[in-house]
Amino acid sequence: MKKLTISIVNYNGGEYLLSCLNSLEKIMDEADFDVFVIDNSSTDGSVEAAKKKLPKFNYILNSENLGFGKAHNAVLKKANTPYLLTLNPDSEIPKGTIPYMMDFMEKNKDVGISSPRVEKTDGTLDIASHRGFPTLWASFLYFFLKNDRLYHLTDRDMSKTHEVDSIVGAFMLMRKDVLEKVGYFDEDFFLYGEDIDLCFRVKKAGFKVMYVPQVKIKHVKGISSGIKKHSQKESSAGGSTKNLALNYFHST
């Protein structure tokens, strides 16, 4: 029996989707996992190219853009593996990361969700993968006083494993039985905020959310939403998708 189901929501992921899937194909000897690509009505031919080059993976084609959480839930709810992983199509997984993270979860039964170090293309930490909950005080310190110690927990030792409030949906390794208890992604969100909300419910149920920097992934960031400055030129996201993403981003 497989232990892990990997869910990837694609929306105009272009060549990044292929790179992501190629990175998974290279590590299939390290762990026994299933891969599902849920395509949110892409128009760039990315999912067709992926199906042609990597037919061994599973593909679900939606007739409309359902957003992040609803698309993932279609796979996560039906999966029968003890572990679930959400992965962004603009991410790449190097060798060693998945088995290390799986072993970490096996040895730490009180952990509900975990993440490796998520690096941007320049090698710096994607700070969204290491967050505190956006309380009023944390938000005030961050936006008005430029103090990031509560909003992104920047006073922690980033080289050591430790508990955080929230990680990013680009890589969330989760226990299936924990999600059965607390619920899956809230489908009222379209994009941005679902990961924080889920982490909040997991912690409220008494489980830990952990940052594990001994292994890492690469994350380009913003390909599907089209609202990140560094990746806007490479994103095929349309105006309506960008507007929805912006609305949800600024409401979290």
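Three short exercises on a predicted model follow, each with a worked solution.

Residues are numbered from 1 along each chain as its sequence is written, and side-chain values use heavy atoms, with hydrogens and water left out. Because the model is predicted, local features need pLDDT of at least 70 and side-chain atom pairs count only at pLDDT 80 or more, while totals for chains, interfaces and linings use all residues.

**Exercise 1. The partners of E9**

Task: Find which strands pair with strand E9 (residues 208-219), and give the sense of each pairing.

Solution:
- Terms first. Strands (E, at least two residues) and helices (H or I, at least four) are DSSP runs, numbered from the N terminus. Two strands pair if DSSP finds at least two bridges between them.
- Take strand E5 (residues 91-92). It pairs with E9 in the antiparallel sense, over two bridges. Ser91 stands opposite His219.
- Take strand E6 (residues 111-119). Eight bridges join E6 to E9, and these two run parallel. Ile113 has Val209 as its bridge partner in E9.
- Take strand E7 (residues 162-164). Three bridges join E7 to E9, in the antiparallel sense. Here His162 is partnered by Tyr211.

**Exercise 2. From E2 to E3**

Task: Work out which hand the β-α-β crossover from E2 to E3 has.

Solution:
- Start with the strands. E2 (residues 33-40) and E3 (residues 58-62) pair in the parallel sense, over five bridges. One bridge links Ile38 to Ile60 in E3.
- Follow the chain. It leaves E2, passes through helix H2 (residues 46-53) and reaches E3.
- Apply the rule. Point the strands away from you; a clockwise path from the first strand over the helix to the second is right-handed.
- Result: this crossover is right-handed.

**Exercise 3. Two sides of H5**

Task: Sort residues of helix H5 (residues 136-145) into buried and exposed.

Solution:
- Set the cut-offs. Buried means under 20% relative accessible area, exposed over 50%, and partly exposed in between (1.4 Å probe, protein chains only).
- List the buried residues of H5: Ala138, Ser139 and Leu141. They lie on the same side of H5, because they cover an arc of only 160° around the axis. The arc is that of the directions from the helix axis to the C-beta atoms.
- Turn to the face away from the buried side. It carries the exposed residues Leu136, Phe144 and Leu145.
- Check one value. Leu145 has 52% relative accessibility, so Leu145 counts as exposed.
- Look past the helix end. Lys146 follows H5, and its phi is positive, near 55°.
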